[in-house]
Amino acid sequence: SSSSALGNVGALTGFGSVSSAVNNSGNVLASGGLLALLAGVQGGSGAVATAAGASLNLGANSSAGVLDHQGVLLALGSSNITVGSDYNNAGFGAGNAFDRRAGVSGSGQILAAGATQQTVSGSLVSGGSTALATLALPNSRVGFGGVSGSFVINNVGSGGASLRGALQNGGISNAALTGSGVTAQNWGLLAQGSSSSAFSISFNPLVGQALAGQSVQLVNNFDNVAAQSLGITGSAFNLASASAAAPSPVVLAAQRVGGTLMQALTLGNTAPASGYSERLTGSIAAGAGVLASGGFSLLAAGATSSALQVGVDTATSGIKSGQATITLASDGTGTSGFAAYGLGTQKVDVSGHVYGAAVAQLSTPTLNFGIVRVGDVVARNLSVSNTASGALTDTLRASVSGGGGAFALQGTAAAVLAGATDSSSLSVQLDTRTAGLYSGSGSVNFSSQNAEMADLDLGSSAVALAAQVNNLATVGLAKTGGSGSFSGGGARYTLNFGALTQGSSALFSNFSLFNSASGLADTLGGSFDVSAIQPGGAFTLTGLNSFAGLVAGEALTGLSVQFDSGVVGSFDRVIVLNALSSNASDPTGRALGGIELHLQGSVVAVPEPGTYLLMVGGLLLLAFVGRRRSAKSAF
């Protein structure tokens, strides 16, 4: 031991106690035991070291160019030691176990000389000169290889020592963080003004998440150089994920041409609703034969949309089918910030029946029965057509209503196919019990039908009805002058001229033929069959020619029969009138049957005088006998 200042320019080795200050420009080494430097050691260029198994006790503030602690104990007490170049300690340990004061006792500090500062830097680092620095990783998408960043540790300042230290990862709990920047390890020796090699950090999670509470500690070997905490931030986002559009396939209910039926498709973003999933965007396009509309954007995870719609082309009728294509994308707007990323497409099959409505046409808007006759059974048909064309076309249904009075409408045309006509199912009956002029109206009601849909009302068309019911013409004969007796009626008449004496003057009878019908009636016409009247015979006819157009109450005059007395005999000849009842609708006429006119008369010869007496006697005898019979009968 010594109480005076000790100058050392070589090597001071051993153990014991030195009470005087040591001015050291060489090496001070504690070896083989305890070396106590009670007044400390000074020297910015000298080295102070402890050998294995040795201890060093500094009793006063000290300085050294190099401090190398390889021994058991460096006892500082309350004294500091300032190091100008390097402080190394065999007991530092590695990584999370790093202890800058391993084997050091006392409250005294090991100080770096000069202005020495530890900083951290990198392109993603902020606050690198502060105690709480941050490395902010950029946002990433799960499944895209993750993101990475790096940092370096810097020794900045002037006139200071080199730094040694450790990276400690006790603040890392997320397994998705990898790389040297999150691996516990030592770093240095790091001279002042230099930087460490780069430490890398990668973040590649399997699900979307944000880094929270993740940090590494950057510690060093000096008590007066602040350690740093490097917080690591960043977020990874799940891509949006689309559910299958439903329903699929889409089978639309039947509709008619021009229909607007659309089916909404439900589609959801099935990505986790964790706050770290991107949003879903979708659009739809139609293929041939189908329709598509709508779209959605930025659909949040867990949400659903019904904005997409599909239908079929209803411009024409038919069985329609096709596909719509949904295009999907994951959009980072409002989440990751990334541009839209295509997720592919979905195909949706769409089909449906489109019916063409029936097109109704009434071919008989006016139904005129013309002229018919009392007692006729008369019906007329209405004609309806379905003029629609094309595939999958409705049938036409037609029914009737209205009429009234003399008209009765009935029947139903149940299923008139496209392009077809029904002229037999709908009829109008006419009541012909009473002659007269009749008019009325009815309606034909139309609907369009198919097996899949409710009937479509096509409205109605009016039918104007008209008819004239005539009485049949009726033949009447009447004697208008001359001789003979006239009797009979209906189909048989008799004109009896009585008896003429041969050679006496001829007898004449005039008669008329008339249409005895009343009210609205046919006209009367006809012809006479006079074949029974032979030229030169007892009867001569005048005016019995064919005739036509006798209206009700009109008479054909100028008819006469002459009975001649030239030939003795009894005569009965028949003239037959073949009468016709005619009208404008039946100009040919309806036969009324033969009407007979019997012409009768007798011609007797002029008797001889004797003959006259015999005749008178006979007559007297007959008269006498007659009286006798009368007298007997009175009793």
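Trainee: What makes Arg-100, Arg-101 and Asp-223 a network of salt bridges?

Mentor: Start with the term: a salt bridge is a side-chain nitrogen of Lys or Arg within 4 Å of a carboxyl oxygen of Asp or Glu. Arg-100 and Asp-223 have their closest N and O atoms 2.7 Å apart, so that pair is inside the 4 Å limit. The two partners sit 123 residues apart, Arg-100 in the loop between β10 and β11 (104-105) and Asp-223 in the loop between β23 (215-220) and β24 (228-233). Arg-101 is linked into the network with them. Helices (H or I, at least four residues) and strands (E, at least two), by the way, are DSSP runs numbered from the N terminus.

Trainee: What should I know about the model before trusting that?

Mentor: It's a predicted model, with pLDDT of at least 70 needed for local features and 80 or more for side-chain atom pairs, while totals for chains, interfaces and linings use all residues. Residues are numbered from 1 along each chain as its sequence is written, and side-chain values use heavy atoms, with hydrogens and water left out.

Trainee: Are Arg-100 and Asp-223 buried or partly exposed, and how do you know?

Mentor: Buried means under 20% relative accessible area, exposed over 50%, and partly exposed in between (1.4 Å probe, protein chains only). Asp-223 comes in at 17%, so it's buried. Arg-100 has 28%, so it counts as partly exposed.

Trainee: What makes Arg-164 and Asp-86 a salt bridge, and which parts of the chain does the pair link?

Mentor: Their side chains meet at 2.9 Å, N to O, so the definition is satisfied. Arg-164 is in strand β18 (residues 163-171) and Asp-86 in strand β10 (residues 81-89), 78 residues apart. Asp-86 is at 10% relative accessibility, so it's buried. Across the structure there are 10 salt bridges.

Trainee: How do you know that the bridge between Asp-586 and Arg-373 ties together parts far apart in sequence?

Mentor: The side chains meet at 2.9 Å, N to O. Asp-586 belongs to strand β53 (residues 586-604) and Arg-373 to strand β36 (residues 366-373), so the tied parts are 213 residues apart in sequence. Arg-373 is at 4% relative accessibility, so it's buried too.

Trainee: Why is the chain called more spread out than a compact globule?

Mentor: First, its makeup: 1 helix and 53 strands. The radius of gyration is 70 Å, well over the 26 Å that the globule rule gives for 635 residues, so the label follows. That radius is taken over C-alpha atoms, and the rule is 2.2 Å times the number of residues to the power 0.38. The C-alpha trace spans about 235 × 50 × 25 Å along its principal axes. Even so, 41% of the residues count as buried.

Trainee: What makes something a nonpolar core, and which residues have the most contacts inside the largest one?

Mentor: A core is a set of buried Ala, Val, Leu, Ile, Met, Phe, Trp, Tyr and Cys residues joined through side-chain atoms within 4.5 Å. The largest has 55 residues, and those with the most contacts inside it are Leu-37, Ile-110, Leu-137, Phe-151, Leu-177 and Phe-222. Strand β4 (residues 27-37) gives the most, with 4 residues. Another core lies apart from it, with 29 residues, among them Val-475, Phe-511, Leu-513 and Ile-595.

Trainee: What makes Phe-144, Tyr-341 and Leu-343 a nonpolar surface patch?

Mentor: Patch residues have over 30% relative accessible area and no salt bridge; nonpolar side chains (Val, Leu, Ile, Met, Phe, Trp, Tyr) are joined within 5 Å, like charges within 9 Å. Phe-144 has 40%, so it clears the 30% cut-off while still being only partly exposed. Phe-144 lies in the loop between β16 (140-141) and β17 (147-158). The patch makes up about 250 Å², with areas from the Shrake-Rupley method (1.4 Å probe; for residues, only the protein chains shown count as cover).

Trainee: What makes the phi of Leu-298 worth a look?

Mentor: Most residues other than glycine have a negative phi, and most peptide bonds are trans. Leu-298, in strand β31 (residues 295-299), has a positive phi of about 55°. Leu-392 has a positive phi too, near 55°.

Trainee: Which peptide bond into a proline is cis?

Mentor: The one from Ser-248 to Pro-249, with omega near 0°. The bond from Gly-188 to Leu-189 is also cis, and Leu-189 sits in strand β20 (residues 185-190).
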